[in-house]
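Me: I'm new to this one and would like to learn how to read it. Could you take me through it step by step?

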Number of protein chains: 2
Amino acid sequence: MQALREELAKISSIVTIEKGTTILRQGEYVKVIPLLTSGLVKVFKEESVNGNEVLLYYIKPGESCVMSVTTLIKQQKSHVKAVLEQDSTMVLIPANKALEIAKKFPKWNEFIYDLFSLKFDELLDIIEVLTFSTKNVRLLSYLTKEASLKNTKVLHKTHQQIAYDLGSSREVISRLLKKLEIEGLIKLGQGKITLTSE
Amino acid sequence: MQALREELAKISSIVTIEKGTTILRQGEYVKVIPLLTSGLVKVFKEESVNGNEVLLYYIKPGESCVMSVTTLIKQQKSHVKAVLEQDSTMVLIPANKALEIAKKFPKWNEFIYDLFSLKFDELLDIIEVLTFSTKNVRLLSYLTKEASLKNTKVLHKTHQQIAYDLGSSREVISRLLKKLEIEGLIKLGQGKITLTSE
DNA sequence: ATTCACTTGTGACATTTGTCACTGTATACC
DNA sequence: GGTATACAGTGACAAATGTCACAAGTGAAT
């Protein structure tokens with residue numbers, strides 16, 4: 001594992017990129033495999049026709065972008081979009097070196113498998129909720145996940161932003177949030193949502 | 001690649017299992033990695049509370065079950081259910097040998113990565129349709145995928161079966177199918193749906 | 001204190017989906 | 001032919017969601 005770290009340090013570059021930057025566009029080819037060391041990345045699926053999008057999952061520090069890995073191997077265009085949610089630092093592994101790494105270090109494959117499994121499970125959860133639940137369940141699950149990720153009870157988000165993440169409309173989100181507030185699960189403020197843990 | 005095949009032949013057993021058998025249950029631990037040589041396997045996600053389920057994707061001949069691979073590596077319970085849609089033959093790779101294989105044959109990892117990428121994309125498609133489209137789009141996409149998979153224009157399915165696969169109800173599916181028939185996209189018969197390709 | 005931009009609330013309405021309670025129709029088997 | 005049995009159609013209704021058109025609130029800057 002130490003050897004792997006040294007090898008990566010040798011062939012990779014480290015960059016810091018600012019919040020809001022799109023580091024991977026849908027339809028683009030992958031040139032590097034990013035390994036996040038600090039910050040947070042959101043991964044979206046864009047609707048093929050309109051410009052709408054849904055949040056799929058986050059990439060946290062210590063994780064990489066599994067989609068980069070596969071699109072690299074299969075030489076195909078990316079089917080997702082990745083945007084920095086916070087200023088982030090990442091190690092960039094050049095595409096051509098990544099395959100060698102995988103061959104030389106079995107640990108690397110285990111790492112990737114682990115990630116795949118994690119993200120696969122997150123997609124499964126989304127599909128389950130989308131299929132069997134109403135939007136307020138989806139919304140609540142989004143809020144709690146968001147809160148645990150940022151490690152806070154207070155989310156600084158507008159209803160519109162949430163609507164984008166969930167592929168819904170602002171009015172619907174507003175109404176549902178209001179309901180959740182009435183149920184006592186959250187407290188609403190301007191551009192701010194507080195989870196009331198009970 | 002030849003060496004890999006020989007190695008697999010040495011350590012694995014081949015079995016033929018009949019249609020309808022559940023080869024992997026949700027919550028169960030994985031003991032073998034199946035490699036399908038003939039037949040067809042459906043993979044479902046079950047709702048955690050009720051018994052409802054959604055079809056996620058199929059495993060075709062030449063493919064393996066990616067969920068088996070990761071749940072094996074991570075030693076976790078399966079989050080999906082796999083049922084034989086047709087009588088199927090498969091090579092069973094013992095769990096303890098699978099890791100050795102992965103280390104010895106880089107090709108094996110590539111194979112798994114490819115599969116992962118494929119199935120990941122299918123999940124993304126489902127999420128996209130669930131988020132941005134109505135059920136009739138989802139239904140149509142289901143029917144065409146089903147038809148291309150079985151390589152026929154005639155599907156032998158009842159409305160109830162389709163409802164189960166999509167996690168919906170029979171009445172809804174019936175109504176939507178009727179609409180699709182009026183639009184001229186399909187022709188309905190008892191337990192039978194014919195796609196009219198134009 | 002006023003203004004302005006951003007954010008949120010709201011009522012009305014159309015669609016979509018799910019559910020219930022039936023009715024009608026094929027098909028196979030006797 | 002008659003009759004089960006599985007399969008499909010239907011009407012009525014409620015709930016969920018999306019959309020439109022505004023109204024109202026909030027907070028920062030001047």
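Me: Which residues are closest to DNA strand D?

Reply: This is a predicted model, so read every distance as belonging to that prediction. A residue counts as near a strand when one of its heavy atoms lies within 4 Å of it. Here, 18 residues surround DNA strand D, and the closest are K135(A), S168(A), H159(B), R170(B) and G191(B).

Me: Which parts of DNA strand D lie within 4 Å of the protein?

Reply: Split the atoms into backbone and base. For DNA strand D, 57% of the atoms within 4 Å of the protein belong to sugar or phosphate, and the rest belong to bases.

Me: Okay, and what polar contacts should I look at there?

Reply: Look for pairs of N or O atoms within 3.5 Å. Start with K135(A): one of its backbone N or O atoms lies 2.5 Å from a phosphate oxygen of DNA strand D. Then go to K178(B), where an N or O atom in the side chain is 3.0 Å from a phosphate oxygen of that strand. For a base, try E171(A): an N or O atom in its side chain is 3.4 Å from a base nitrogen of DNA strand D.

Me: Which element gives the most residues to the surface near DNA strand D?

Reply: That's α7(B), with five residues. Both α7 of chain A and α7 of chain B supply at least two residues of this surface. By class, the surface divides into one nonpolar, ten polar and seven charged residues.

Me: Now the other strand. Which residues come nearest to DNA strand C?

Reply: Read it in the same way. Of the 18 residues around DNA strand C, the nearest are H159(A), R170(A), G191(A), K135(B) and S168(B). Sugar and phosphate make up 53% of the strand's atoms that come within 4 Å of the protein.

Me: And the polar contacts on that side?

Reply: Two go to phosphate oxygens of DNA strand C: a backbone N or O atom of H159(A) lies 2.9 Å from one, and a polar backbone atom of K135(B) is 2.4 Å from one. R170(A) reaches a base instead, with an N or O atom of its side chain 2.9 Å from a base oxygen of DNA strand C. The elements giving two or more residues to this surface are α7 (170-182) of chain A and α7 (170-182) of chain B. α7(A) gives the most, with five residues. The classes come out as one nonpolar, ten polar and seven charged residues.

Me: How do I describe the way the two protein chains are related?

Reply: In general, two copies of a chain are related by a rotation about an axis and a shift along it. In this model, a turn of 180° with a shift of 0.0 Å along the axis lays chain B on chain A, with an RMSD of 0.0 Å. That is why you can call it the relation of a two-fold axis. The same surface serves both copies, as 100% of the contact residues of chain B recur in chain A.

Me: Last one: what is the strand order in the open sheet of three strands in chain A?

Reply: To read a sheet, follow which strand pairs with which. The order is β1-β7-β3, with antiparallel pairing. β1 (13-17) and β3 (32-38) of chain A are the edge strands, each pairing on one side only. From one strand to the next, the twist averages 30°. Zoom in on β3(A) and β7 (residues 88-94) of chain A, and you'll find antiparallel pairing over six bridges. One pair to locate is I33(A) with its bridge partner I93(A), in β7(A).

How values were computed
Residues numbered from 1 in each chain as written. Chains lettered and ligands numbered in written order. Predicted model: local features only at pLDDT ≥ 70, side-chain atom pairs only at ≥ 80, totals over all residues. Heavy atoms only, no water. Pairing = 2+ DSSP bridges. Helix = DSSP H or I, 4+ residues; strand = E, 2+ residues; numbered from the N terminus. Axes fitted to C-alpha atoms, helices over the stretch in contact; angles between N-to-C directions. Polar contact = N/O pair within 3.5 Å; in protein donor to acceptor, adjacent residues only side chain to side chain. Nonpolar A, V, L, I, M, F, W, Y, C, P; charged D, E, K, R; others polar. Least-squares fit on C-alpha atoms with pLDDT ≥ 70 in both. Contact = heavy atoms within 4.5 Å.
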